[in-house]
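Reader: I should like a close look at the charged side chains of this protein, and at how they pair. Please treat the salt bridges in detail and then place them in their wider setting.

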Amino acid sequence: MQGYILRVQKVKDEDCIVYILTDELLVCCYRFYGARHSKITLGYKLDFELENSINFLPTLKNTMHLGYSWLLDRDRLLYWQGFIRLFYNHLKDLEEVNKFYFEILDQSAIKIAKQNPKRVFLESYIQILKFEGRLHDEEICFFCDKKIESEKIALARAFLPAHEKCIGKNGFIKSKIYEYYKNISTINLNDEEVDRLYEILKEGF
């Protein structure tokens, strides 16, 4: 079985509770002396086995790290781990999960080797919003329920559309945002726009 480590929670001594996203499940398992093993790290992809226990969590064993070359790049790793934390917070109440989420992480892990991590995650996030039916591409302010007539649109957490004055944030050019939504691409967004969108993404899925 393969999966991405979404959370590592240290418990007594050097043991850990580990949350791993596979293509079907969000697995919660126990790793004895997990704190000693560098492969038990947030964001790492593992090949692993589980040993079931009648009275306790299944035990994580026979782990093999399926690494990516960019993991040696500290900045990329930190961005990746930040995205992984958002993933965990979004999925933590689930046990069975659609394989879509595992595939999104697989795609992102490949792209981040050569692309700007912020752009990779912003494009992945639009895929998530579309998949979950939460991408609000209408020109209605979520705060006041009135049409957004101006050329700019402000975005709140989860990219909810709003008037600039309603949420006290500077907006984005609407045509560029809707192009980003439609094409799932940040290519026509400048670095400043990407930075601002990424700060909104960091607020949570």
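Author: The side chains of E192 and R196 meet in a salt bridge, with 3.7 Å from N to O; the term denotes a side-chain nitrogen of Lys or Arg within 4 Å of a carboxyl oxygen of Asp or Glu. Both residues belong to helix α6 (residues 191-201), where they stand four residues apart, about one turn of the helix. Helices (H or I, at least four residues) and strands (E, at least two) are DSSP runs, numbered from the N terminus. E192 is partly exposed at 45% relative accessibility, and R196 is partly exposed at 24%. Here buried means under 20% relative accessible area, exposed over 50%, and partly exposed in between, with a 1.4 Å probe and protein chains only.

The model is predicted: local features need pLDDT of at least 70, side-chain atom pairs count only at pLDDT 80 or more, and totals for chains, interfaces and linings use all residues. Residues are numbered from 1 along each chain as its sequence is written, and side-chain values use heavy atoms, with hydrogens and water left out.

By the salt-bridge rule the count comes to 12. One of them joins E51 to K61, with the closest N and O atoms 3.1 Å apart. This pair links distant parts of the chain, since E51 lies in strand β4 (residues 45-51) and K61 in strand β5 (residues 59-65), 10 residues apart. E51 is partly exposed, with a relative accessible area of 42%, and K61 is partly exposed, with 29%. A further salt bridge is formed by D73 and R76, whose closest N and O atoms are 3.3 Å apart; D73 is partly exposed, with a relative accessible area of 31%. In addition, E139, K147 and K174 are linked in a network of salt bridges.

R31, in strand β3 (residues 26-31), presents another situation. R31 is buried yet has no salt bridge, and the nearest side chain of opposite charge, D15, is 8.5 Å away. For this purpose Lys and Arg count as positive and Asp and Glu as negative, while His and the chain ends are not counted. Residues up to four places away in sequence aside, R31 touches D15, C16, V18, H37, I40, L60, K61, N62 and T63, contact meaning heavy atoms within 4.5 Å. K61, the partner of E51, is thus among the residues that R31 touches.

The wider setting begins with the domains. The assignment, which comes from an automatic or database source, gives domain 1 (2-114) and domain 2 (129-203). The centres of the two domains, taken over C-alpha atoms, are separated by 31 Å. Six residues of domain 1 are in contact with six residues of domain 2.

There is also an open sheet of three strands, in the order β7-β6-β8 with antiparallel pairing; two strands pair if DSSP finds at least two bridges between them. β7 (161-162) and β8 (172-173) stand at the edges, each with a single partner strand, so one side of each is left without a neighbour in the sheet. Strand β6 (residues 152-155) is joined to β8 by two bridges, and I153 has F172 in β8 as its bridge partner.

Finally, the cysteines: the structure holds zero disulfides, a disulfide being a pair of cysteine sulfur atoms within 2.5 Å. For C144, the nearest cysteine sulfur is that of C141, 3.8 Å away. C166 is likewise in no disulfide, and its nearest cysteine sulfur, that of C141, is 3.8 Å away.
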